[in-house]
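Let's walk through a protein together, one question at a time. Have the sequence and the 3D view ready.

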Amino acid sequence: MGEGKHNAPILAGVVGWPVAHSLSPLIHGTWAKRAGVKGYYIPIPVAPDYNDFAVAMDALKTLGFAGVNVTIPHKEHALRYASTASDAARKAGAANMLTFGAQTFADNSDIIGFAEAVRATSSVPRASALVLGAGGAARGVVLALQRLGLTDIVVANRTRAKSEELAKAFGLSVADWEDRSKVLENIDFLVNTTSLGMTGQPPLEIDLTGLKSAALVADIVYAPLETHLLKTAKTRGHETVDGLAMLMHQAVPGFKTWFGGEAVIDDALRAVLVEELNKRSGA
Ligand code: ATR
């Protein structure tokens, strides 16, 4: 006799390559425990190729998964695989959520996640922003900034052609990567979307001297949690948004959709995640 579907645990997870270090299972696991939901949220490594991704998604659907988060390198694949998609996912050209049903629906909660993390600070919206980087993460951040009402967005990227492409697609202006410190005096919000400053990557070199003291500084990097950029910004009195805030906020729509419980972001959740990050870095 098979298990009755009505009392089977809810299944969800995060698909990526690599994915072993994802904090998402801990976030969803914490919320599931709090809500008393019977379910599992597991990391699922899937090789980078689209065919591997599609086969894995078909299998998860067959197994009865409610949905999955999707991370690097599969965010574009997720959009391609889905039969329907939200406006946000289509605009971003990438999805970090797939919900399985009669049709597979792709959504992008990275955008709302970043916007909500910013809204949780004491001083928004800001008029002008400088976005460092022009990759997939920058695209999501730009859409979030526009959603927050920022109209004057400047992008600076090492490879200028990529920042020009992003600027053209979303109506932004471009600054030279070498001028990133110089343009800060007109900026209310500085966001790093590059991998610089991440453990094992080169540092992000930027001089914050010209940045207005009321400016907000955000970094999508969360390992280390307090990047050199955020540390310097805090020392100079800037309010900051770290990568963990964004990560927690982007997880909310998935939890609500798949597990159907409350997903509250509070100090206790942050403490669980910080403890895990500290454990990993040997602190
Ligand atoms: P993601 O999806 O996380 O944005 P990505 O698309 O690979 O990842 O983008 C990485 C970003 O970090 C890019 O903007 C990249 O700049 P290039 O477009 O010039 O490659 C930036 N980046 C990575 N390493 C860098 C470095 N050493 N110096 C400056 N920028 C760097």
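Q: Which helix gives the most to the lining of the second largest pocket?
A: This is a predicted model, where local features need pLDDT of at least 70, side-chain atom pairs count only at pLDDT 80 or more, and totals for chains, interfaces and linings use all residues. Residues are numbered from 1 along each chain as its sequence is written, and side-chain values use heavy atoms, with hydrogens and water left out. A pocket, on a 1 Å grid over the protein atoms alone, is an open set of points where a 1.4 Å probe fits, with protein on both sides within 12 Å along at least five of seven lines; lining residues have an atom within 4 Å of a point. Helices (DSSP runs of H or I, at least four residues) and strands (E, at least two) are numbered from the N terminus, and with three residues the top contributor to this lining is H9.

Q: How many charged residues are in the lining of the second largest pocket?
A: Asp, Glu, Lys and Arg count as charged; Ala, Val, Leu, Ile, Met, Phe, Trp, Tyr, Cys and Pro as nonpolar; the others, Gly among them, as polar. The lining has eight nonpolar and three polar residues, and the charged ones number six.

Q: Which side chain has a polar atom 2.5 Å from an oxygen atom of the ligand?
A: Polar contacts are pairs of N or O atoms within 3.5 Å. An N or O atom in the side chain of Asn 157 lies 2.6 Å from a ligand oxygen, and a polar backbone atom of Ala 134 is 3.0 Å from one. The 2.5 Å distance belongs to Thr 159.

Q: What kind of aromatic pair do Tyr 50 and Phe 53 form?
A: Rings of Phe, Tyr and Trp (its six-membered ring) pair if their centres lie within 6.5 Å; planes under 30 degrees apart are stacked, over 60 edge-to-face, and the rest tilted. Both residues sit in helix H2 (residues 50-62), three residues apart, about one turn of the helix. Their centres are 6.4 Å apart with 40° between the planes, so by the cut-offs the pair is tilted.

Q: Where does Pro 73 lie, and what is omega for the peptide bond that joins Ile 72 and Pro 73?
A: Most peptide bonds are trans. The bond between Ile 72 and Pro 73 is cis. Pro 73 is in the loop between strand E3 (67-70) and helix H3 (75-81), and omega is about 5°.

Notes. A polar contact is a pair of N or O atoms within 3.5 Å; within protein, one must be able to donate a hydrogen and the other to accept it, and residues adjacent in sequence count only if both atoms are side-chain atoms.
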